[in-house]
Every structure is written in C-alpha cells, then in structure tokens.
Amino acid sequence: MNINYWLLKSEPDAWSWDNQVKEGASMWDGVRNYQARNNLKEMKKNDLCFFYHSVTERSIVGIVKVVKEYYPDPTDKTGRFVVVDVKAIKKLKKPVSLDQIKENSKLQDIALVKQSRLSVMPLKKTEWNIIIKMSN
C-alpha cells in the first residue's frame, strides 16, 4: 500500500488538536484555496497528515489519518470545494515549531516554508521522517 504524507493547518481557536481528538473522525472543511483543494483531492484513505496549529502556536502537534477520501464540502455554497475525513492517530511527543523547521536545511523546500499561507500541503517521505525525528 502506497501512503502519501501531508500537512494540514488549522487555527487552534477554530479547530484544535484537542477538538480533533474529542471528535474522533471528522471532516476537514473550510478550505477555500484551489491549490489546497487540489491537494485534498489527491489524498487517499490511510494517508498520514501532520496536524499543524497555525497563527498563535505555529507548530506541528499531532498526526491524523485520512479515513474517507474527498467529497463535496457541505459548508461551501458554490460547490467548488471538497473535504476529506481525518481521524486523530497520535499526539507528537513534543511539538515541532515552524522556527525549528526553518532552521533545518533539509526542510527548506517544503511548502510550509515556501508557501506559508497554503493550508493543505504534500510532504515527501524523507521530510516526514525528519519531522518525526525532531518530535522525539
């Protein structure tokens, strides 16, 4: 089985890691950027995603798994945008901050650094593994 890796950003006061854990499986809605939407459409069941608290914390705090592939976002009246369902898998031992990521020369090309406003982004397996090591 081929697993892909992603990073999902959420403002903790809108939807936090604790909300995700409490909810179990839930839809990742509210994406209103075409590149982010296209990334959601690429996600497959069992893909793994980092859960990133944006704005105030600016840290990766946990891992979620895609449990349902994309379908229309019920909060979008235009019908242009989609959601996936994700489920919390585990909290990272320690959060990995944006500053730590920027300091790592092997992570300079990830979208979190290059396209800081993008809310759904792919990661290479090597990048995923580096971030996992940083969280231990």
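## His 53, strand 1 and helix 2

His 53 sits in strand 3, which spans residues 48-53. The model is a predicted one.

His 53 has a relative accessibility of 6% and therefore counts as buried, since the cut-off for buried is under 20%. Leaving aside residues up to four places away in sequence, His 53 touches Ser 10, Pro 12, Ser 16, Trp 17, Arg 58, Ser 59 and Val 61. Ser 10 is also the residue that stands opposite His 53 in the strand pairing.

**Strand 1 and its partners**

Strand 1 covers residues 5-10. Six of its six residues are buried, so the strand is largely enclosed by the rest of the structure. In a regular strand, side chains alternate between the two faces of the sheet. Both faces of strand 1 are covered. Tyr 5, Leu 7 and Lys 9 are buried on one side. Trp 6, Leu 8 and Ser 10 are buried on the other.

Strand 1 pairs with strand 3 and with strand 6, as tabulated here.

| Partner of strand 1 | Bridges | Direction | A bridge pair |
|---|---|---|---|
| Strand 3 (residues 48-53) | Six | Parallel | Ser 10 and His 53 |
| Strand 6 (residues 120-123) | Four | Antiparallel | Leu 8 and Val 120 |

Leu 8 thus appears twice in this picture: Leu 8 is buried in strand 1, and its bridge partner in strand 6 is Val 120.

**Helix 2**

Helix 2 runs over residues 34-42. Ala 36, Arg 37, Asn 39 and Leu 40 are buried there. Seen down the helix axis, the buried residues fall within an arc of 160 degrees, so they line one face of helix 2. What covers them includes strand 1, strand 4 (59-72), strand 5 (82-97) and strand 6. Strand 1 therefore has two roles here: six of its six residues are buried, and strand 1 is among the elements covering the buried residues of helix 2.

The N-terminal end of helix 2 is capped by Asn 33. A side-chain oxygen of Asn 33 lies 2.9 Å from the backbone nitrogen of Gln 35.

**Lys 133**

Lys 133 belongs to helix 5, residues 125-134. Is Lys 133 buried or exposed? Its relative accessibility is 66%, so Lys 133 counts as exposed; the cut-off for exposed is over 50%. Val 96 is 37 residues away from Lys 133 along the chain. The C-alpha atoms of Lys 133 and Val 96 are separated by 9.8 Å.

Technical notes
Residues numbered from 1 in each chain as written. Predicted model: local features only at pLDDT ≥ 70, side-chain atom pairs only at ≥ 80, totals over all residues. Heavy atoms only, no water. Buried < 20%, exposed > 50% of the residue type's maximum accessible area, 1.4 Å probe, protein only. Contact = heavy atoms within 4.5 Å. Pairing = 2+ DSSP bridges. Arc of directions from axis to C-beta. Polar contact = N/O pair within 3.5 Å; in protein donor to acceptor, adjacent residues only side chain to side chain.
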